[in-house]
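User: Could you take a close look at one buried spot in this protein for me, and then walk me through its surroundings? Plain talk is fine.

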Amino acid sequence: MRFTNKVAIVTGAGSGFGEGIAKRFAQEGGRVIVADINDACGQRVASEISAAGGQARFVHADVSKDSDWAALVGATLEAFGGLNIVVNNAGYTHRNQPMLNVPEEQFDRIYAVNVKSLYLSSRHCVPHFRANGGGVFVNVCSTAGVRPRPGLTWYNGSKGAAITTSRSMAVELAPDRIRVCVVNPVMGETGMLGDFMGVPDTPENRTRFLSTIPLGRLSRPSDVASAVLWFASDEAEFITGTCLEVDGGRCV
């Protein structure tokens, strides 16, 4: 198994892409910290991993708060004695709508979760990685940061910022043997689908959105998990600063 003796933090792991990533890490022998702001969902995922024979712990975390990151890393080291991989997956969006209709407090929350979290995770994880000879960040961003479309302007901008930040991190941290890679999913089968669409998730509306994806379907947690796991694995030890669109051809 690829992640035996490896410890990973996965944020936003209580549902959607994060849940899929956390469960796949555990299936590959990794010890996983399931971090989420939703206690019930995070505890469910950790319990399901443990019931399947994996090793997981739930830690409550708001990724936009410095104190939560300090507690998250501390809990990880206490539970598993180390940290090798951080998957910054937690994300937030506004509903698809005209850009001027988005209130300021929602704009601030989008940037706090999608961008500031990278700063905070670095503050608390990079020193540990440096002291232990390296580590890996895999940041789950979005095709919205590569090919933005109207209706999600502020979300698009936050993901563009996250992509550029990740690539700059990769260059700066490379001498410390810390790799930073990015996975950009297209709109997926997650709890945020309705917000991204901005209309009810009916078969007719979904068909309209699917028509923009050459392979004809939405992304799935398993698609994203496969990409994240490869970036985090030793098989990708010479890969850093790379962004991979998991999008069924959407960005071509």
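**A close look at Asp 62**

Analyst: The side chain of Asp 62 makes a polar contact of 2.7 Å with the side chain of Ser 64. Bear in mind that this is a predicted model. A polar contact of 3.4 Å also links the side chains of Asp 62 and Arg 109. As for where we are in the fold, Asp 62 sits in the loop that runs between strand S3 (55-60) and helix H3 (66-80). Is Asp 62 buried or exposed? Its relative accessibility is 7%, so Asp 62 counts as buried, the cut-off being under 20%.

If you skip the neighbours within four places in sequence, Asp 62 is in contact with Ile 37, Asp 68 and Arg 109. So much for contacts; there's also a C-alpha distance worth noting. Asn 38 is 24 residues away from Asp 62 along the chain, yet their C-alpha atoms are separated by 9.2 Å.

Now for the empty space. Searching the whole structure turns up one cavity of 30 Å³ or more, and the volume of this largest cavity is about 60 Å³. Its lining includes Asn 88, Ala 90, Val 113 and Lys 159. Helix H4 (104-131), strand S5 and helix H5 (153-173) are the elements that each give two or more residues to that lining. Which one gives the largest share? That's H4, with four residues. By class, the cavity lining has six nonpolar, four polar and one charged residues.

There are open pockets to look at too. The second largest pocket has a volume of about 420 Å³. It is lined by 18 residues, and those closest to its centre are Gly 135, Val 136, Arg 177, Arg 179 and Glu 237. Strand S5 (135-140) and strand S6 (178-185) are the elements giving two or more residues to this pocket's lining. Sorted by class, the pocket lining has seven nonpolar, six polar and five charged residues.

Last stop, the aromatics. The model has five aromatic pairs. In one of them, Trp 230 and Phe 231 are tilted, with 5.6 Å centre to centre and 45° between the planes. That pair counts as tilted because its angle falls neither under 30 degrees nor over 60. The two partners differ in exposure: Trp 230 is partly exposed at 33% relative accessible area, whereas Phe 231 is buried at 1%. Elsewhere, Phe 107, Tyr 111 and Trp 154 form one aromatic cluster.

Terms used:
Residues are numbered from 1 along each chain as its sequence is written. This is a predicted model: local features need pLDDT of at least 70, side-chain atom pairs count only at pLDDT 80 or more; totals for chains, interfaces and linings use all residues. Side-chain values use heavy atoms; hydrogens and water are left out. Rings of Phe, Tyr and Trp (its six-membered ring) pair if their centres lie within 6.5 Å; planes under 30 degrees apart count as stacked, over 60 as edge-to-face and the rest as tilted. Buried means under 20% relative accessible area, exposed over 50%, partly exposed in between (1.4 Å probe, protein chains only). On a 1 Å grid over the protein atoms alone, a cavity is a set of points where a 1.4 Å probe fits but cannot get out, and a pocket is an open set with protein on both sides within 12 Å along at least five of seven lines; lining residues have an atom within 4 Å of a point. Grid points are joined across faces, edges and corners, and a volume is the space filled by probe spheres set on the points. Ala, Val, Leu, Ile, Met, Phe, Trp, Tyr, Cys and Pro count as nonpolar, Asp, Glu, Lys and Arg as charged, and the others, Gly among them, as polar. Contact means heavy atoms within 4.5 Å. A polar contact is a pair of N or O atoms within 3.5 Å; within protein, one must be able to donate a hydrogen and the other to accept it, and residues adjacent in sequence count only if both atoms are side-chain atoms.
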